[in-house]
Amino acid sequence: MAKTNDGVLKGQRALVTGSSSGIGREVVKEMAKAGASVVVNYRRGGDKANEVVQEIKDAGGEAIALQADVSKEDEVQDMFKKMIEVYGSIDILVNNAGLQRDAAFHEMTLEQWNSVISVDLGGQFLCSREAVREFLRRGMVPELSSAMGKIICMSSVHDGIPWAGHANYAASKGGVSMMMKTLAQELAPNRIRANAISPGAIKTDINKSVWGTPEGMKGLLTLIPYGRIGEVSDIAKAAVWLASDESDYVTGATLYVDGGMMLYPSFRTGG
Ligand code: BGC
C-alpha cells in the first residue's frame, strides 16, 4: 500500500481556507493523504480545526491549524507569514472559505450583501494575491511540480445558475469565476495555474435545512439528474487532481462537480 507521503502531492505545501468543516475539511485531509503538508485555516472554532490536524497526524500526515478571517487583509497576511515560517513556502492554495446570508432581494441588508461579498469573493482575492506574491518571490521548484503554483477557487453551480433569495451569494460566485479566469490568463506565462471547482448540492451543514427533511431531499433530487446528493469526497478528489501535475495543462477551467445540476434537468420533460 502506498505510504501517505508517496502521493501525487508529495513534499508540496497546501493551504485550504475554511477547512475545519464541510467541503474544506475533506479537501485538506485528501491533500494530506496525497502527501502535502497542510494548513487547516479556520475563522472560529479552533477545537474543530485542531481535531482535523490530529486526524491528519494520526494518519501519518503533516498539518497545522491557523486562524484567520479571510476577509481581513492583515489576518490573511499574518496567516501566510506563519505558514511560510513553518513550511518555508506555499505550492497550493484552495480558496474554500465561504458563507451564505440568504434574503429576499428587496429585504437584503447592505450588511448581508457585504458580508458574503467580502468573504466569498474578497477573501479569495486576498488569499490568491498573497499566494501569487509568494510563488513569484520563490520561483519554480521543478522537483516538486511542473507549475510555479496552483490556485483552486471553490465556486458553485451558482456561478452560472441564478438563485432567487441568494443574490449576494450568486454575485460572489460569478465574480469568483471571472477573477479566477483573469488570474489564470495573467499568470499563465509564469506557470501559475488557477482553476475553479463548482460544486452542486453537496451534503454539508450549509444546505442541511434542505436535504435534512424528506421533502427537502425529494425536491433537491429533481434538480440532480444523477439522482444523488454529492458527498464531500466527490469534491476532495477533484481538488487533489487539479492541484497535481496530472492536470498540468489545465488552467482557467471550471470543473462542475454537480451530478448534472448544470444540465437544466427541468428541460428533460419541457421546452
Ligand atoms: C450552495 C448550497 C446549494 C448548492 C446547490 C451551493 O453553492 O452553497 O447551499 O445546495 O449550491 O444549489
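**A seven-stranded parallel sheet and its surroundings**

With a relative accessibility of 59%, tyrosine 264 counts as exposed in this predicted model. The residue sits in the segment that follows E7. Its backbone is worth a glance too: tyrosine 264 has a positive phi of about 50 degrees, although it is not a glycine. Arginine 191 is another non-glycine residue with a positive phi, here about 65 degrees. That arginine belongs to the loop between helix H5 (167–187) and E6. Arginine 191 is partly exposed, because its relative accessible area is 46% and the partly exposed class runs between 20% and 50%.

Now to the sheet itself. Seven strands make up an open sheet, laid out in the order E3-E2-E1-E4-E5-E6-E7 and paired in parallel. Its edges are strand E3 (62–67) and strand E7 (254–257), each of which pairs on one side only. On average, and with direction ignored, neighbouring strands of this sheet are turned by 20 degrees against each other. Helix H4 packs on the sheet, where it touches E1, E4, E5 and strand E6 (192–199). The direction of H4 makes about 175 degrees with that of E5.

Strand E4 (residues 92–95) is a good place to start within the sheet. Ile92 and Val94 point one way from E4, Leu93 and Asn95 point the other way, and all of these residues are buried. On one hand, E4 runs parallel to strand E1 (residues 13–16), and three bridges join the two. Within that pairing, alanine 14 has isoleucine 92 of E4 as its bridge partner. On the other hand, E4 is joined to strand E5 (residues 149–154) by four bridges, again with the strands running parallel. Here isoleucine 92 stands opposite lysine 150 in E5, and asparagine 95 stands opposite cysteine 153 of E5. To get from E4 to E5, the chain passes through helix H4 (residues 110–138), giving a β-α-β crossover that is right-handed.

Strand E5 is mostly covered, with six of its six residues buried. Gly149, Ile151 and Cys153 point one way from E5, while Lys150, Ile152 and Met154 point the other way. Lysine 150 is therefore in the buried class, under 20% relative accessible area, just like the other E5 residues. E5 also pairs with E6, in the parallel sense and over six bridges. In this pairing, isoleucine 151 stands opposite alanine 194 of E6. The chain crosses from E5 to E6 by way of H5, and this β-α-β crossover is right-handed as well.

At the E7 edge of the sheet, threonine 254 lies in the strand itself. Threonine 254 counts as partly exposed because its relative accessible area is 24%, and the buried class stops at under 20%. Leaving aside residues up to four places away in sequence, threonine 254 touches Asp159, Met180, Ala196 and Ser198. One of these, serine 198, is 56 residues from threonine 254 along the chain, yet their C-alpha atoms are separated by 6.6 Å.

A further packing contact involves two helices. Helix H3 (residues 73–87) and H4 pack at an angle of about 35 degrees, and their axes are 10 Å apart. This crossing of H3 and H4 is right-handed. From H3, the contact is made by Glu73, Val76, Gln77, Met79, Phe80 and Ile84. H4 contributes Leu126, Cys127, Arg129, Glu130, Ala131, Arg133 and Glu134. Sorted by type, the residues of this contact divide into seven nonpolar, one polar and five charged. H4 thus appears in two settings: it packs on the sheet and it packs with H3.

Finally, alanine 59 is found in the loop between helix H2 (46–58) and E3. Alanine 59 counts as exposed because its relative accessibility is 53%, and the exposed class covers values over 50%. Between alanine 59 and isoleucine 224 there are 34 Å in space, C-alpha to C-alpha, and the two residues are 165 residues apart in sequence.

Methods. Residues numbered from 1 in each chain as written. Predicted model: local features only at pLDDT ≥ 70, side-chain atom pairs only at ≥ 80, totals over all residues. Heavy atoms only, no water. Buried < 20%, exposed > 50% of the residue type's maximum accessible area, 1.4 Å probe, protein only. Pairing = 2+ DSSP bridges. Right-handed = clockwise from strand over helix to strand, strands pointing away. Axes fitted to C-alpha atoms, helices over the stretch in contact; angles between N-to-C directions. Left-handed = near helix turned anticlockwise from the far one by under 90°. Contact = heavy atoms within 4.5 Å. Nonpolar A, V, L, I, M, F, W, Y, C, P; charged D, E, K, R; others polar.
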